[in-house]
Amino acid sequence: MKEHIWEKKGIIYTVNNDNPYLLTHASNPLAMHIDEDVYRIFYSGRDEQNKSSISYVDYDIIKHEVVNDYKLPIATPKEGTFYSHGITIGNYWKEGEDVFIGFMGWQQKEGHHWRGDIGKLNLRTEEITKLLGINQEDKISLSYPHIEQIGKTYKMWYGSTLSWTSENGEMIHVIKQATSTDCANWNLQGLAVPYEIGKAQAFSKPSVYKDKEGYHMWFSYRSGDGTPYRIGYAHSIDSSQWQMKQSNLSVSETGWDDEMVCYPYVFKHKNNLYMLYNGNNYGLTGFGIAKSENL
């Protein structure tokens with residue numbers, strides 16, 4: 001199997017916004033092709049209370065320049081909902097004429113630990129609905145989904161908390177999988193990517209890409225030894241049984257991503273793969289891009 005060798009191209013967007021919903025961060029970047037070499041890159045920005053909303057920039061991937069910075073939110077937290085304390089995004093998919101962005105909705109009730117549920121945003125109607133909430137399989141908290149249509153079946157990989165703590169003090173948050181025929185009612189199938197306490201036990205933000213060699217997944221993970229997020233990689237022939245592999249994209253010696261790399265999104269443009277990702281402080285400094293050539 002060919003190894004994906006990533007070459008970092010640097011940070012491509014840094015937040016410069018006085019909109020109260022988007023004062024800091026550009027986390028969880030998500031690329032949607034809109035015209036020739038231009039992609040609409042959605043991201044989650046934060047307000048002064050650390051609540052996240054969705055906005056976007058348009059980026060020319062060949063010229064390496066932002067051609068439009070929208071600077072306004074397209075979806076914001078709403079009191080009394082499953083996304084009352086933030087909306088952080090996963091990937092996007094199409095259902096007929098509609099395009100949806102899957103996201104993690106944050107809640108923080110007084111006296112309780114924060115928790116997440118999974119929702120979707122219809123970009124045409126701006127309607128928000130819940131996709132998956134706490135259930136008998138996922139009893140504590142959920143996080144970022146990646147949803148793909150494979151034949152007539154929708155497949156979702158998503159984060160699920162097993163415990164807020166472990167013997168090393170780090171949470172155990174794993175990537176599970178589910179299937180659906182209507183993208184509404186889900187058959188929960190349990191663990192997708194294997195985890196190991198002390199090596200990889202706190203996962204988030206899966207990004208899945210399919211080619212002739214099967215399915216490839218990149219994700220954030222923490223080991224539990226105090227090291228901040230790194231980007232990991234797993235491979236599957238059938239999209240169900242995953243094996244952890246090595247990823248060559250790690251922190252830089254200096255600069256905006258010298259402490260942390262996280263929240264990858266991988267996509268193909270022409271004959272190359274690209275990865276959007278965040279660096280230090282969960283995207284406080286914006287997002288960057290890396291390239292894997294000649295697929």
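Two strands are said to pair when DSSP finds at least two bridges between them. With that in mind, this tour moves through a predicted model, one selection at a time.

**First stop: the edge of an open sheet**

Select Asp-60 and Glu-65; Glu-65, in S5, is the bridge partner of Asp-60. Then extend the selection to strand S4 (residues 52-60) and to S5, which pair in the antiparallel sense over 4 bridges. Strands of a sheet pair through backbone hydrogen bonds, either parallel or antiparallel.

Next, display the whole sheet, an open one of 4 strands in the order S2-S3-S4-S5, with antiparallel pairing. Strand S2 (24-35) and strand S5 (65-69) stand at the edges, and each has a single partner strand, so one side of each is left without a neighbour in the sheet. From one strand to the next, the twist averages 30°.

**Second stop: the hairpin of S18 and S19**

Select residues 262-269, which make up strand S18. Of the 8 residues in this strand, 7 are buried. Add strand S19 (residues 272-278), which runs antiparallel to S18 and is joined to S18 by 6 bridges. To see one of these positions, pick Phe-267 and its bridge partner in S19, Tyr-274.

What links the two strands? S18 and S19 form a hairpin with 2 residues between them. Lys-270, in the turn, has a positive phi of about 55°.

**Third stop: strand S20 and its partners**

Select residues 287-292, strand S20, where 6 of the 6 residues are buried. Phe-287, Ile-289 and Lys-291 point one way from this strand, while Gly-288, Ala-290 and Ser-292 point the other way.

S20 pairs with S19 in the antiparallel sense over 6 bridges; Tyr-277 stands opposite Gly-288 in S20. Now add strand S1 (residues 7-13), which is joined to S20 by 5 bridges and runs antiparallel to S20. Here Glu-7 stands opposite Lys-291.

**Fourth stop: Ser-143**

Select Ser-143, in strand S10 (residues 142-150). Is this residue buried or exposed? Ser-143 has 4% relative accessibility and counts as buried, because buried means under 20% relative accessible area.

Show the side chain of His-173 as well: the side chain of Ser-143 makes a polar contact with it at 2.7 Å. Leaving aside residues up to four places away in sequence, Ser-143 touches Met-104, Ile-118, Tyr-158, Gly-159 and His-173.

**Fifth stop: charged pairs**

Side chains of opposite charge can pair when their charged atoms come close. The count for this model comes to 14 salt bridges.

Return to Glu-7 and add Lys-9; their side chains meet in a salt bridge (3.3 Å, N to O). Glu-7 is partly exposed, with a relative accessible area of 41%, and Lys-9 is also partly exposed, at 36%.

Move on to Asp-117 and Lys-130, which form a salt bridge with the closest N and O atoms 3.9 Å apart. Asp-117 lies in strand S8 (residues 115-122) and Lys-130 in strand S9 (residues 128-132), so the pair ties together parts that are 13 residues apart in sequence. Asp-117 is buried, with a relative accessible area of 0%, whereas Lys-130 counts as partly exposed at 45%.

Finally, select Glu-196 and Lys-199, whose side chains meet in a salt bridge (3.8 Å, N to O). Glu-196 is partly exposed at 43%, and Lys-199 is exposed at 54%. To end the tour, add Arg-115 to the earlier pair: salt bridges that share partners join Arg-115, Asp-117 and Lys-130 into one network.

Technical notes: Residues numbered from 1 in each chain as written. Predicted model: local features only at pLDDT ≥ 70, side-chain atom pairs only at ≥ 80, totals over all residues. Heavy atoms only, no water. Buried < 20%, exposed > 50% of the residue type's maximum accessible area, 1.4 Å probe, protein only. Axes fitted to C-alpha atoms, helices over the stretch in contact; angles between N-to-C directions. Polar contact = N/O pair within 3.5 Å; in protein donor to acceptor, adjacent residues only side chain to side chain. Contact = heavy atoms within 4.5 Å. Salt bridge = Lys/Arg side-chain N within 4 Å of Asp/Glu carboxyl O.
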